[in-house]
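Welcome! Take a moment to turn the structure around on your screen before reading on, and keep the sequence at hand.

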Amino acid sequence: MALHRDIFWVGRQWAVTGAGVQAVDQRLRGVLDIDVARLWDDAHVQSRRAKPGVNVEDFDKAVTMARSRHPQTPVSAPIIAQLEALGVIETSPVESPVVPAMKLRAEGKLARFLPQWRIRR
């Protein structure tokens, strides 16, 4: 994968871009890149750090620079707070985090007689 157009720092092996931490070597095709959303996931970062051939000093400096550039913020919290302030939703403690099961409406029907849907471009 090509480097993102916003490049903030370039080291010997790693670069901090608008997409997160990316390997400068394009032959890797983005296999070791760390997206901004996974930048604060320590297990993911450590798994990338443990790969053979990774320059650890350069990688650590890139992660530090990227974390200072892209601070950790919860994405959904500001949206929920705004909706609560407007009175659109009310938040209550969730009793069960289990998602209800999907119910199929096609039971007992032949698939060839069901209406088809398509995504139009």
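Which residue forms a salt bridge with Arg49? The partner is Asp60, and the closest N and O atoms of the two are 2.8 Å apart. Please keep in mind that this is a predicted model. The briefing below starts with the overall layout, then visits the sheet, the helices, the salt bridges and a patch on the surface.

**The overall layout**

- The protein has 3 helices and 4 strands.
- Starting at the N terminus, its elements follow the order β-β-β-β-α-α-α.
- There are 121 residues in the protein, and 21% of them count as buried.
- The accessible surface is about 10200 Å², and carbon and sulfur atoms contribute 56% of that area.
- Among contacts with a separation of 6 or more, 36% are between residues 24 or more positions apart.

**The sheet**

- As background, strands of a sheet pair through backbone hydrogen bonds, in either a parallel or an antiparallel way.
- Here, 4 strands form an open sheet in the order E1-E2-E3-E4, and the pairing is antiparallel.
- Strand E1 (7-10) and E4 are at the edges with a single partner strand each, so each has one side without a neighbour in the sheet.
- Strand E2 (residues 14-17) and strand E3 (residues 20-23) run antiparallel and are joined by 4 bridges.
- To find one place where E2 and E3 meet, look for Ala15, whose bridge partner in E3 is Gln22.
- The link from E2 to E3 is a hairpin through 2 residues.
- On to the next pair: E3 and E4 are antiparallel too, with 2 bridges between them.
- You can locate this pairing at Val21, whose bridge partner in E4 is Ile34.

**The buried side of helix H1**

- Which residues of helix H1 (residues 42-49) are buried? They are His44, Val45 and Arg48.
- These residues lie on the same side of H1, because they cover an arc of only 100 degrees around the axis.
- A general rule helps here: an α-helix has 3.6 residues a turn, so residues three or four places apart point the same way.
- The cover over the buried residues of H1 includes strand E4 (34-35) and helix H2 (56-69).
- His44 is a good residue to zoom in on: it sits in helix H1, and its relative accessible area is 11%.
- That value makes His44 buried, because buried means under 20% relative accessible area.
- Leaving aside residues up to four places away in sequence, His44 touches Asp33, Ile34 and Arg38.

**The salt bridges**

- How many salt bridges does a search of the whole structure find? It finds 3.
- In general, side chains of opposite charge can pair when their charged atoms come close.
- One of the salt bridges is between Asp41 and Arg38, with the closest N and O atoms 3.3 Å apart.
- Asp41 is partly exposed at 31% relative accessibility, and Arg38 is partly exposed as well, at 39%.
- Another salt bridge brings together the side chains of Arg67 and Asp42, at 2.9 Å from N to O.
- Because Arg67 is in helix H2 and Asp42 is in helix H1, this pair ties together parts 25 residues apart in sequence.
- Asp42 has a relative accessible area of 47%, so Asp42 counts as partly exposed.
- Now back to the opening pair, Asp60 and Arg49, with their 2.8 Å between the closest N and O atoms.
- This pair links distant parts of the chain, with Asp60 in helix H2 and Arg49 in helix H1, 11 residues apart.
- Asp60 is partly exposed, with 31% relative accessible area, and Arg49 is partly exposed, with 28%.

**A nonpolar patch on the surface**

- Which residues make a nonpolar surface patch of about 290 Å²? Ile79, Leu83 and Leu86 make it.
- Ile79 belongs to helix H3 (residues 76-86).
- With a relative accessible area of 48%, Ile79 is partly exposed.
- Patch residues need over 30% relative accessible area, so Ile79 at 48% passes that cut-off.

Notes: Residues are numbered from 1 along each chain as its sequence is written. This is a predicted model: local features need pLDDT of at least 70, side-chain atom pairs count only at pLDDT 80 or more; totals for chains, interfaces and linings use all residues. Side-chain values use heavy atoms; hydrogens and water are left out. Patches are made of residues with over 30% relative accessible area and no salt bridge: like charges are joined within 9 Å, nonpolar side chains (Val, Leu, Ile, Met, Phe, Trp, Tyr) within 5 Å. Accessible areas come from the Shrake-Rupley method with a 1.4 Å probe; for residues, only the protein chains shown count as cover. A salt bridge is a side-chain nitrogen of Lys or Arg within 4 Å of a carboxyl oxygen of Asp or Glu. Buried means under 20% relative accessible area, exposed over 50%, partly exposed in between (1.4 Å probe, protein chains only). The arc is that of the directions from the helix axis to the C-beta atoms. Contact means heavy atoms within 4.5 Å. Two strands pair if DSSP finds at least two bridges between them.
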